[in-house]
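Student: I would like to go through this model term by term and set each value against its definition. Could we begin with the charged pairs?

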Amino acid sequence: MALEIVLITGMSGSGKSVALHALEDAGYYCVDNLPPELLPAFVALEHRHHGNRVAIAVDVRSATSLHQVPQALQRMRSQGVAVQSVFLDATVDTLIRRFSETRRRHPLSHDDLQQGRRALVQIIELERELLAELREQSHVIDTSTIRASQLQSYVKKLMTASTGQLTLVFQSFAFKRGIPMDADYVFDVRMLPNPHYEPALRDQTGLDEPVQHFLKQQPDVMLMQQHIEQFLGHWLEMLDRNHRSYVTVAIGCTGGQHRSVFLVERLAEAFGGRWTALRRHRELDGR
């Protein structure tokens, strides 16, 4: 069996420990805060002693040697190692709130005094710059508005996707709770007929047959689906040829319950025969 490596990285306070615990539950041998200089030797050692599935968390605490990680991952891929890189992100306001709630000090802080908001914002922006190259080469998960249980579920599902081919993530969301930071493409479907205003459908979702039946009868909904399929069908081929590993397509409506959920299900079904297609419903998965 080929060696599988999952690299977990991302912003401090974004949920890396939660993701690592999810992988541990899934049977991966996990280690946190591994110095990048030790990555090749550690992977070889763990392959001999702990099997074929290893998860490693690397973050800004290794700032002076982070630049070595992309090259190390590329070398492992060239040697036949299946490598998946996951980057966890969150908005500045979310990260500040989490540091405040936990009373943790940011790892880039140089003193023991409590950081003011302005100083913490500057530190977070510096961290984002230091991690920019890793983020660019990873599948990004925005943890700003999701619960720990949702993140664990997303990470486990991502690990079931086939490595070496394009993986699509179709995600529904509510505009009123913010646009997902991890989206490569965002489609706004708020102009479409809304089942929320149908009393019999209001408390149901786009996963329920009555809502699906209602939306299928709306010409504009079917036209929107057709246009999105045409757009993605053209550009995904080019992304695949350029060896892109992950693409996240976010579909947003007002409440993230009906229209966006319905279209995510339809699009995942339409593209699932060609590529690995995962579904996420941000406003429903946390129920």
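Tutor: We can begin with the count, which comes to 14 salt bridges, where a salt bridge is a side-chain nitrogen of Lys or Arg within 4 Å of a carboxyl oxygen of Asp or Glu. This is a predicted model, in which local features need pLDDT of at least 70 and side-chain atom pairs count only at pLDDT 80 or more, while totals for chains, interfaces and linings use all residues. Residues are numbered from 1 along each chain as its sequence is written, and side-chain values use heavy atoms, with hydrogens and water left out.

Student: What makes D89 and R135 a salt bridge?

Tutor: The closest N and O atoms of D89 and R135 are 2.9 Å apart, so the pair meets the limit of within 4 Å. D89 lies in strand β4 (residues 82-89) and R135 in helix α6 (residues 132-136), so the pair ties together parts that are 46 residues apart in sequence. Helices (H or I, at least four residues) and strands (E, at least two) are DSSP runs, numbered from the N terminus.

Student: Which of the words buried, partly exposed and exposed applies to D89, and which to R135?

Tutor: Buried means under 20% relative accessible area, exposed over 50%, and partly exposed in between, with a 1.4 Å probe and protein chains only. D89 has 0% and therefore counts as buried, whereas R135, with 26%, is partly exposed.

Student: Why does the pair D182 and R280 count as a salt bridge?

Tutor: Their closest N and O atoms are 3.9 Å apart, so the pair still falls within 4 Å. D182 lies in the loop between β6 (167-174) and β7 (185-188) and R280 in strand β9 (residues 276-281), so this pair ties together parts that are 98 residues apart in sequence. Both D182 and R280 are buried.

Student: How do you know that helix α7 has a span close to the expected one?

Tutor: Helix α7 (residues 148-159) has 12 residues and reaches 17 Å from its first C-alpha to its last, close to the 16 Å expected at 1.5 Å a residue; the expected span is 1.5 Å times one less than the number of residues. The buried residues in α7 include L151, Y154 and L158.

Student: What makes F231 eligible for a nonpolar surface patch?

Tutor: Patches are made of residues with over 30% relative accessible area and no salt bridge, like charges being joined within 9 Å and nonpolar side chains (Val, Leu, Ile, Met, Phe, Trp, Tyr) within 5 Å. F231, in helix α9 (residues 219-241), is partly exposed with a relative accessible area of 33%, so F231 passes the area limit of over 30%. Together F231, W235 and M238 make a nonpolar patch of about 260 Å², the areas coming from the Shrake-Rupley method with a 1.4 Å probe, where for residues only the protein chains shown count as cover.

Student: How do you know that β1 and β3 pair?

Tutor: Two strands pair if DSSP finds at least two bridges between them, and 5 bridges join strand β1 (residues 4-10) to strand β3 (residues 53-57), which run parallel. V6 stands opposite A55 in β3. The open sheet has 5 strands in the order β2-β3-β1-β4-β5, with parallel pairing.

Student: Why are β2 and β5 called edge strands?

Tutor: β2 (29-32) and β5 (139-142) each pair on one side only.
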